[in-house]
Amino acid sequence: MAISPSDIELTGRTAVVTGGGAGIGRGIAQALTDFGASVAIWERDADACAAAAESIGALGIVADVRDSAQVDAALARTTAELGTPAILVNNAGGAFSSPLLETSENGWDALYKANLRHVLLCTQRVARQLVDAGLPGSILTVTSIEGVRAAPGYAAYSAAKAGVINYTRTAAVELAPHGIRVNALAPDIAVTEGLMQLYPENLPSDIADAIPMGRAGTVDDVAAVAVFLASDLAGYITGQTIHVDGGTQAASGWYRHPRTGEFQFGPG
């Protein structure tokens, strides 16, 4: 059967984006809307939720997806107002420095809940609803390149992101008989509001030197892949983690010299 340009369209589908009030989540919510989906943003920051929903034309639901009761309530409202979600984007997450020798139990638990626990809660609830209805679906989770490499000072965060990658594989296999695909997106450096708060003027030039494609990623770079994986064009892709990183994961330590432009291993 030949593919068609219409296979990228998401018209008639309901999508949920967690943490969709800003950054990558908001960009994905906008892109899914632009390609025809009816989008619900689940966001714990009430102001960000309202602003994003109004700007995008989405349903904004204030919810902390780390809490199962709030996930259940958000899903019930989404289904009542937009229909059964066929697309779920687990984007919510967060990080703070937690050196291995200094990480407390509370710090570990906080990073686990922020980056992995909600992936189980949201994926499980949406998948159950799809299975009960006999409907196919596409579930995406935003992980990080830190899930596949060492992240000094961020051991708990990187462990949670690695957990997302393996959970994606296992969920993909278990849900494949139901026609539900499960994949992950792994950005590296992406220009978001949060990143620009750290660098209000300009990003340091050596950031581009560390990326084979010579530039930091954008929200649109990640959102484009999310649309593809949500669509029928990706109908035979499941259990995969797609690195949207300009080549940094592939480079694995090779950098472009800032003066010569030649590749070398490690800084110099």
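Let's start at a surface spot: S252 counts as exposed, because its relative accessibility is 51% and the cut-off for exposed is over 50%. Bear in mind that this is a predicted model. You'll find S252 in the loop between α9 (248-251) and β10 (254-256). Its backbone has a quirk too: S252 has a positive phi of about 50°, although it is not a glycine. For background, most residues other than glycine have a negative phi.

Now for the sheet. How many strands form it, and in what order? There are seven, they form an open sheet, and the order reads β3-β2-β1-β4-β5-β6-β9, with parallel pairing. At the edges sit β3 (59-62) and β9 (241-244), each of which pairs on one side only. Ignoring direction, neighbouring strands of this sheet are turned by 20° against each other on average.

Here are two of the strand pairs, each with one pair of facing residues.

| Strand pair | Bridges | Facing residues |
|---|---|---|
| β5 (residues 137-142) and β6 (residues 180-187), parallel | Six | G137 in β5 and I180 in β6 |
| β2 (residues 38-43) and β3, parallel | Four | I41 in β2 and G60 in β3 |

Stay with edge strand β3 for a moment. Which of its residues lie on the covered face, and which on the uncovered one? L59 and I61 make up the covered face of β3, while G60 and V62 are on the uncovered face. So G60, the bridge partner of I41, belongs to the uncovered side.

Next, the helices. Helix α8 (residues 219-230) packs on the sheet and touches β4 (85-90), β5, β6 and β9. The direction of α8 makes about 170° with that of β6, and this counts as roughly antiparallel because the angle is over 145 degrees.

Helix α8 also meets helix α1 (residues 23-34). As a general point, two packed helices are described by the angle between their axes and the distance between the axes. For α1 and α8, the axes come within 8 Å and cross at roughly 50°. That angle makes α1 oblique to α8, and the crossing is right-handed.

Who does the touching between these two helices? On the α1 side there are G23, I24, G27, I28, A31 and L32, and they meet V219, V222, A223, A226, V227 and A230 of α8. Sorted by class, this contact has 10 nonpolar residues, two polar ones and no charged ones. The two polar residues are G23 and G27, because Gly is counted among the polar residues here.

Technical notes
Residues are numbered from 1 along each chain as its sequence is written. This is a predicted model: local features need pLDDT of at least 70, side-chain atom pairs count only at pLDDT 80 or more; totals for chains, interfaces and linings use all residues. Side-chain values use heavy atoms; hydrogens and water are left out. Two strands pair if DSSP finds at least two bridges between them. Axes are lines fitted to C-alpha atoms, for helices over the stretch in contact, and angles run from 0 to 180 degrees between N-to-C directions. Contact means heavy atoms within 4.5 Å. Angles under 35 degrees count as roughly parallel, over 145 as roughly antiparallel, 65 to 115 as roughly perpendicular and the rest as oblique. A crossing is left-handed if the near helix is turned anticlockwise from the far one by less than a right angle, and right-handed if clockwise. Buried means under 20% relative accessible area, exposed over 50%, partly exposed in between (1.4 Å probe, protein chains only).
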